[in-house]
Amino acid sequence: MSTPIGPYSPARRAGDFVILSGQLGMVPGAETPTLVEGGAPEQLRQALVNAEALLRENGASMNQVVKGTLFLMDLADFVACNEVWMAAFEAPRPTRSTIQIAGLPLGARAEAELWAFAPLS
């Protein structure tokens, strides 16, 4: 898991929810923050792999994700990123918003923020 590149927590539990900060397609274990090679779909794929590990560390799973926000530098990547999203989540998939933005840290092309409902029992 990569270290956050800003002054924030990568994940927080709030009651029955595990909320992840926006995840970039960072190379796991890299000494310095490094994005995976390729464009938005490849970065989103890695961001979701990283998110899955972070959810697991916090007692949740991808099947418990109920809400996602996808930030894209270019909506031309929307269809390709939808394919990545569909591969990462089983039906019923989480609700999601997709937003085209002006910029992301490290020049990333995609970022995913996730909310999981993972009751403590």
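Two rings of Phe, Tyr or Trp count as a pair here if their centres lie within 6.5 Å, with planes over 60 degrees apart called edge-to-face. This is a predicted model, and the structure holds three such aromatic pairs. Let's take one of them apart.

**The F17 and W115 pair**

A pair of aromatic rings is described by the distance of the centres and the angle of the planes. For F17 and W115, the centres are 6.2 Å apart and the planes sit at 70 degrees, so this is an edge-to-face pair. Along the chain the two partners are 98 residues apart, and the contact links distant parts: F17 belongs to strand β2 (residues 17-20), while W115 belongs to strand β5 (residues 110-117). F117 joins in too, forming one aromatic cluster with F17 and W115.

Are these rings buried or exposed? Neither, quite: F17 has 30% relative accessibility and therefore counts as partly exposed, and W115, at 33%, also counts as partly exposed.

**How β2 is held**

Strand β2 has neighbours to look at in β1 and β5. With β1 it runs antiparallel, joined by four bridges. With β5 the pairing is again in the antiparallel sense, over three bridges. F17 turns up in both pairings: A14 stands opposite F17, and F117 of β5 stands opposite F17 as well.

Which residues of β2 are on the covered face, and which are on the uncovered one? V18 and L20 make up the covered face, whereas F17 and I19 make up the uncovered one. The hairpin of β1 and β2 has two residues between the strands, and within this hairpin G15 takes a positive phi near 65 degrees.

**A nonpolar patch on the surface**

Next, a surface feature. I5, Y8 and L106 together make a nonpolar patch of about 260 Å². Y8 comes from the segment before β1 (11-14), and L106 comes from the loop between β4 and β5.

Here is how some of the residues discussed in this report compare in accessibility.

| Residue | Relative accessible area | Class |
|---|---|---|
| Y8 | 38% | partly exposed |
| L106 | 45% | partly exposed |
| L24 | 7% | buried |

L24 counts as buried because its 7% falls under the 20% cut-off. You'll find L24 in the loop between β2 and α1 (40-57). The C-alpha atoms of L24 and A102 are separated by 15 Å, with their positions 78 residues apart along the chain.

**Backbone oddities and a charge over a ring**

Most residues other than glycine have a negative phi, and most peptide bonds are trans. Two places are worth a look with that in mind. L106, already met in the patch, has a positive phi near 65 degrees despite being a residue other than glycine. What is the peptide bond from A91 to P92, cis or trans? The bond is cis, with omega near -5 degrees. P92 itself lies in the loop between α2 (78-88) and β4 (95-100).

One last contact involves a charged side chain and a ring. R96 lies over the face of W85, at 5.0 Å from the ring centre.

Note on methods
Residues numbered from 1 in each chain as written. Predicted model: local features only at pLDDT ≥ 70, side-chain atom pairs only at ≥ 80, totals over all residues. Heavy atoms only, no water. Phe/Tyr/Trp six-rings, centres within 6.5 Å; stacked < 30°, edge-to-face > 60°. Buried < 20%, exposed > 50% of the residue type's maximum accessible area, 1.4 Å probe, protein only. Lys NZ or Arg CZ within 6 Å of the ring centre and 35° of its normal. Patch = residues over 30% accessible without salt bridge, like charges linked within 9 Å, V, L, I, M, F, W, Y side chains within 5 Å. Areas by Shrake-Rupley, 256 points an atom, 1.4 Å probe, with all protein chains shown as cover. Salt bridge = Lys/Arg side-chain N within 4 Å of Asp/Glu carboxyl O. Pairing = 2+ DSSP bridges.
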